[in-house]
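Here is a friendly walk through one protein model, written for someone who likes to check things in a viewer. Load the structure and follow along.

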Amino acid sequence: LMAGLAEAQPALPTSTPPLLLIYREEVRPGRAAAHAANEAAWAAAFTKGNAPERWLAMTTVAGPNEAWFMSGYPSYEAYQKVQDEMSANAVLSAEGDRFSALDGEHLNRTSTLLAAYRPALSYQPDVRLPDMRYMQVDIVRVKPGQDSDFRATWRQIVEAHTKAKMDERWAVYELDAGGPDLTFYFFYPRKSLAEIDKSGPMHTADGYRDAVGESGRLHQREMAQRSIEASQTFIFQLRPQMILLDEPYANLD
């Protein structure tokens, strides 16, 4: 999923980073355009200054008015190393402080989250992000004591998708710090919103229904009722001018 992020960390064995930093910004009404301009200038300044940081940027199409910035790392040690390099660079630190102060005029609040990749719950997660235009994110909170059932059921869902050779992909991250425990982020990269139209019929077709089986469908429904505290779906559009990665996103302009 986060192929572009991983390119900033050559040591990664996979293009889906083990650790994901999610920086959520709640944008004030009427400030979206000014906020986007400030973020684009921020990314350009850091690119010019050869900053060690990399991030993917996207804003909501459906959901609260938010901008999300995500950075991938192979470990907490690697995360600290990047932060230390940024702090040691006086020019980049000053630039960061300047843009952060300007950003404050456009935001209601911010949140910094760290989440760990869960490969057993993910399906065909590795994609070329420059080919993607949208990102669907499902946030699921699991009830205490019900996570074993939740994980087991999603492993079965992955197995059914594999058996049916479903043309779908997602990556799952579980919140490590910054928010409630047992919170899972499901990232579905999309080339177009038309893929969402195809999702429903694809999951009711015979191939997938046979792979899941009647007992599997019943178990999934029961798990959702028993184990899920709350869930929320966002749809984002990737914003190339706000992105700071090695590979350009010209096709999204």
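## Strands, a pocket and two buried residues

Let us begin with one pair of residues: Leu19 stands opposite Tyr73 in β3. Please keep in mind throughout that this is a predicted model.

That pair belongs to a longer partnership. Strand β1, residues 19-27, runs antiparallel to strand β3, residues 66-73, and eight bridges join the two. β1 also pairs with strand β4 (residues 107-117), again in the antiparallel sense, this time over nine bridges. On that side, Tyr23 has Thr112 of β4 as its bridge partner. β1 is mostly covered, with seven of its nine residues buried.

Now for β2, which covers residues 56-62 and is joined to β3 by four bridges, the two running antiparallel. Here Ala57 has Phe69 of β3 as its bridge partner, and Thr59 stands opposite Ala67 in β3. β2 and β3 form a hairpin with three residues between them, and Gly63 in the turn has a positive phi of about 130 degrees. β2 also pairs with β8 in the antiparallel sense, over four bridges, and Thr60 stands opposite Phe236 in β8. Like β1, β2 is described as mostly covered: five of its seven residues are buried.

The pairings discussed so far can be set side by side.

| Strand pair | Sense | Bridges |
|---|---|---|
| β1 and β3 | antiparallel | eight bridges |
| β1 and β4 | antiparallel | nine bridges |
| β2 and β3 | antiparallel | four bridges |
| β2 and β8 | antiparallel | four bridges |

What do the strands build together? They form a closed barrel of eight strands in the order β1-β3-β2-β8-β5-β7-β6-β4, with antiparallel pairing. From one strand to the next, the twist averages 35 degrees. Helix α7 (residues 206-227) packs on the sheet and touches β5 (134-142) and β8 (228-238), with a direction that makes about 100 degrees with that of β8.

Next comes the largest pocket, which holds about 590 Å³ of space. Which residues lie nearest its centre? Of the 25 lining residues, these are Tyr23, Trp42, Phe46, Glu53 and Trp55. The elements that give two or more residues to the lining are β1, α2 (32-48), β3, α3 (76-88), α4 (90-103) and β4. α4 gives the most, with six residues. By class, the lining has 11 nonpolar, nine polar and five charged residues.

Two further residues deserve a look. Glu174 is placed in strand β6, residues 171-177. Is Glu174 buried or exposed? Glu174 counts as buried because its relative accessibility is 8%, and the cut-off for buried is under 20%. Beyond its neighbours within four places in sequence, Glu174 is in contact with Leu114, Ala115, Ala116, Arg118, Arg151, Leu182, Thr183 and Phe184. Ile196 makes a useful reference point: it is 22 residues from Glu174 in sequence and 23 Å away in space, C-alpha to C-alpha.

Tyr208 is found in helix α7. Tyr208 counts as buried because its relative accessibility is 8%. Leaving out residues up to four places away in sequence, Tyr208 touches Ile157, Ala160, His161, Ala164, Met166, Met202, His203 and Gln220. Of these contacts, Ile157 is 51 residues from Tyr208 along the chain, and their C-alpha atoms are separated by 10.0 Å.

Conventions:
Residues numbered from 1 in each chain as written. Predicted model: local features only at pLDDT ≥ 70, side-chain atom pairs only at ≥ 80, totals over all residues. Heavy atoms only, no water. Buried < 20%, exposed > 50% of the residue type's maximum accessible area, 1.4 Å probe, protein only. Pairing = 2+ DSSP bridges. 1 Å grid on protein atoms, 1.4 Å probe; cavity = no way out; pocket = protein on both sides within 12 Å on 5 of 7 lines; lining within 4 Å. Points joined across faces, edges and corners; volume = space filled by probe spheres on them. Nonpolar A, V, L, I, M, F, W, Y, C, P; charged D, E, K, R; others polar. Axes fitted to C-alpha atoms, helices over the stretch in contact; angles between N-to-C directions. Contact = heavy atoms within 4.5 Å.
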